[in-house]
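Biologist: I would like a close look at a single part of this model, told as one connected account. Please spell out each cut-off as you go, since I like to know what stands behind a term.

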Amino acid sequence: MADDSNKVVAETRTSFGKGAARKLRASGKIPAVMYGRGTEPKHVALPAHQIGLIIRKSNAVLELEIDGTQSLALVKDVQKDPVLRIIEHLDLIVVIKGEKVTVDIPVHLEGESAPGTIHNLDATTLSIEAEATHIPENLVVSIEGLEAGAHILAKDVTLPSGSALLSDPDLLVVAISEPEAEEEEEAEGETAEAPAE
């Protein structure tokens, strides 16, 4: 969700290329490109520390101020240095308040399944359509007290009001099972495979 912490003052970038991007990062800024809604791509520089904090949340919406003009932008892609883990570049999509966007939201499990059972999270994210300024941080799924054999499908997950499920409604999200049977089968398989001496 958009709040004051997502207000970012961006600077228009005029120099491009690897050298310019390196200089920018050295001065504590991140190069980004903003596109969408039939507009020409805008190249901007964003404050690195602030952006690093904001994008910890998935599907962050930034309230950008560029040369005195306010814009809303959804963080679509984050390129990080694989070794240093620093943000190298951002792709932003222009959005409008009230506009619906398609986003993948992480699934967050809450509670404990029945004693002696284990849970398997099959779908770590679900694709939904939500208002650009009301994108949930995650979708909470309770597994509290669920017995072995219980399944939760995408259509069983509660979505925030105004959101619509885009993933297959019958997609398996969580399955509850008993671990013992699986382990015994594996143990039997191992003894059967052991060569006779």
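Modeller: Happy to: what follows is a close look at the barrel and its surroundings, with a short view of the rest of the chain at the end.

First, some ground rules. This is a predicted model, in which local features need pLDDT of at least 70 and side-chain atom pairs count only at pLDDT 80 or more, while totals for chains, interfaces and linings use all residues. Residues are numbered from 1 along each chain as its sequence is written, and side-chain values use heavy atoms, with hydrogens and water left out. Here pLDDT is the predictor's confidence in each residue, from 0 to 100. The protein chain averages 83, and 88% of its residues score at least 70.

The chain has three helices and 13 strands. Helices (H or I, at least four residues) and strands (E, at least two) are DSSP runs, numbered from the N terminus.

Now to the barrel. Six strands close into it in the order S1-S3-S2-S6-S5-S4, with mixed pairing; two strands pair if DSSP finds at least two bridges between them. Neighbouring strands are turned by 45° against each other on average, direction ignored. Axes are lines fitted to C-alpha atoms, for helices over the stretch in contact, and angles run from 0 to 180 degrees between N-to-C directions.

Strand S1 (residues 7-12) has a partner on either hand in that order. S1 runs parallel to strand S4 (residues 61-66), joined by four bridges, and Val 9 sits opposite Glu 65 of S4. With S3 the run is antiparallel and rests on two bridges; Thr 12 faces Val 44 there. S3 is also tied to S2 by seven antiparallel bridges, Gly 36 having Thr 39 of S3 as its bridge partner. S2 and S3 make a hairpin with two residues between them, and Arg 37 in the turn has a positive phi of about 55°.

Helix H1 (residues 18-26) lies across strand S2 (29-36), strand S3 (39-47) and strand S6 (87-95), at about 120° to S2. Ala 20, Ala 21 and Leu 24 of H1 are buried; buried means under 20% relative accessible area, exposed over 50%, and partly exposed in between (1.4 Å probe, protein chains only). These three lie on the same side of H1, because they cover an arc of only 100° around the axis, the arc being that of the directions from the helix axis to the C-beta atoms. An α-helix has 3.6 residues a turn, so residues three or four places apart point the same way. S2 and S3 are among what covers the buried residues of H1. Lys 18, Arg 22, Lys 23 and Ala 26, on the other side, are exposed. After H1 comes Gly 28, with a positive phi near 80°.

On S6, Val 95 is a good residue to click on. Val 95 counts as buried because its relative accessibility is 4%. Leaving aside neighbours within four places in sequence, Val 95 is in contact with Val 61, Leu 72, Ala 73, Leu 74, Val 101 and Ala 132, where contact means heavy atoms within 4.5 Å. Its C-alpha atom is 9.7 Å from that of Leu 62, 33 residues away along the chain.

Asp 67 offers a contrast. This residue sits in the loop between S4 and S5 and has a positive phi near 50°, although it is not a glycine. Asp 67 counts as exposed because its relative accessibility is 62%.

Finally, the wider setting. The largest nonpolar core has 23 residues, of which Leu 126 and Val 173 touch the most other members. Such a core is a set of buried Ala, Val, Leu, Ile, Met, Phe, Trp, Tyr and Cys residues joined through side-chain atoms within 4.5 Å. S7 gives this core its largest share, four residues. A second, separate core of 20 residues includes Val 44, Ile 54, Val 75 and Val 94. One caution to close: helix H3 (residues 179-193) has the lowest mean pLDDT among the elements, 54. Where pLDDT is low, the predicted coordinates should not be read in detail.
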